[in-house]
Amino acid sequence: AKSMGYELLGDCQALMEHSLGERMQRVWYGKWGVVTVHKPFRYFYMFRNSLVLLRRSYMPFRWKIAQTIRLVKMFVLIGLLTDNRFSNLSMMLKGSFFGLLNNTKKRP
C-alpha cells in the first residue's frame with residue numbers, strides 16, 4: 001500500500017485476539033525446540049504468497065533473504081519433523097508450484 005502512495009495509519013488502542021497456528025509441537029533438530037503447526041491448507045498459502053512476493057521489485061532485498069530462509073526452515077521442520085508430514089509437504093509443494101507460476105487463484 002505504501003508503495004502505491006497510501007498513508008499508513010495505526011490505532012495503538014486497538015486490541016485483537018488471535019492465535020498463531022493450530023498448536024505447538026516439540027521437535028528435535030539437534031536440540032529440542034517448539035514449532036507452531038498450522039492446518040495443511042495454510043502452508044499452501046504461506047508458500048504461494050511468499051513466492052509471489054519474492055518476485056516483486058518493491059519488496060526489500062533483506063526481507064527476501066529472510067523469507068527464503070524462513071521457507072526452507074519451515075519446509076524441513078514442519079514438512080519432515082511434525083505429524084501429518086505427507087499433507088503438510090504436499091501443500092507446501094503445491095503452494096510453491098502455484099507461486100512459481102505466479103498463480104494467485106484459490107488452492108485446488
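Two strands are taken to pair if DSSP finds at least two bridges between them. In the predicted model described here, strands β1 and β2 meet this condition, being joined by six bridges and running antiparallel. The two strands form a hairpin with three residues between them, and Gly30, which lies in the turn, has a positive phi of about 90°. Within the paired region, Arg26 stands opposite Val34 in β2.

The side chains of β2 were examined next. In a regular strand the side chains alternate between the two faces of the sheet. Along β2 such an alternation is found, with Gly33, Val35 and Val37 pointing to one face, where they are buried, and Trp32, Val34 and Thr36 pointing to the other, where they are not buried.

Rolling a probe the size of a water molecule over the atoms shows where empty space is left. The largest pocket of the model holds about 250 Å³ of space and is lined by twelve residues, of which Thr36, His38, Arg70, Met74 and Ile78 lie nearest its centre. Two or more lining residues are contributed by each of β2 (32-37), α1 (40-54) and α2 (61-81), and the most come from α2, which gives five residues. When the lining is divided by class, seven residues are nonpolar, two are polar and three are charged.

His38, one of the residues that lie nearest the centre of this pocket, is found in the loop between β2 and α1. Because its relative accessible area is 13%, which falls under the 20% limit, His38 is classed as buried. The side chain of His38 is also joined to that of Arg42 by a polar contact of 3.4 Å.

Side chains of opposite charge can pair when their charged atoms come close. In this model the count comes to one salt bridge, formed between Asp83 and Arg23, with the closest N and O atoms 3.9 Å apart. Asp83 lies in the loop between α2 and α3 (85-100), whereas Arg23 belongs to strand β1 (residues 23-28), so the pair ties together parts that are 60 residues apart in sequence. Because partly exposed residues are those between the limits of 20% and 50% relative accessible area, both partners fall in this class, with Asp83 at 44% and Arg23 at 30%.

Note on methods: Residues numbered from 1 in each chain as written. Predicted model: local features only at pLDDT ≥ 70, side-chain atom pairs only at ≥ 80, totals over all residues. Heavy atoms only, no water. 1 Å grid on protein atoms, 1.4 Å probe; cavity = no way out; pocket = protein on both sides within 12 Å on 5 of 7 lines; lining within 4 Å. Points joined across faces, edges and corners; volume = space filled by probe spheres on them. Helix = DSSP H or I, 4+ residues; strand = E, 2+ residues; numbered from the N terminus. Nonpolar A, V, L, I, M, F, W, Y, C, P; charged D, E, K, R; others polar. Buried < 20%, exposed > 50% of the residue type's maximum accessible area, 1.4 Å probe, protein only. Polar contact = N/O pair within 3.5 Å; in protein donor to acceptor, adjacent residues only side chain to side chain. Salt bridge = Lys/Arg side-chain N within 4 Å of Asp/Glu carboxyl O.
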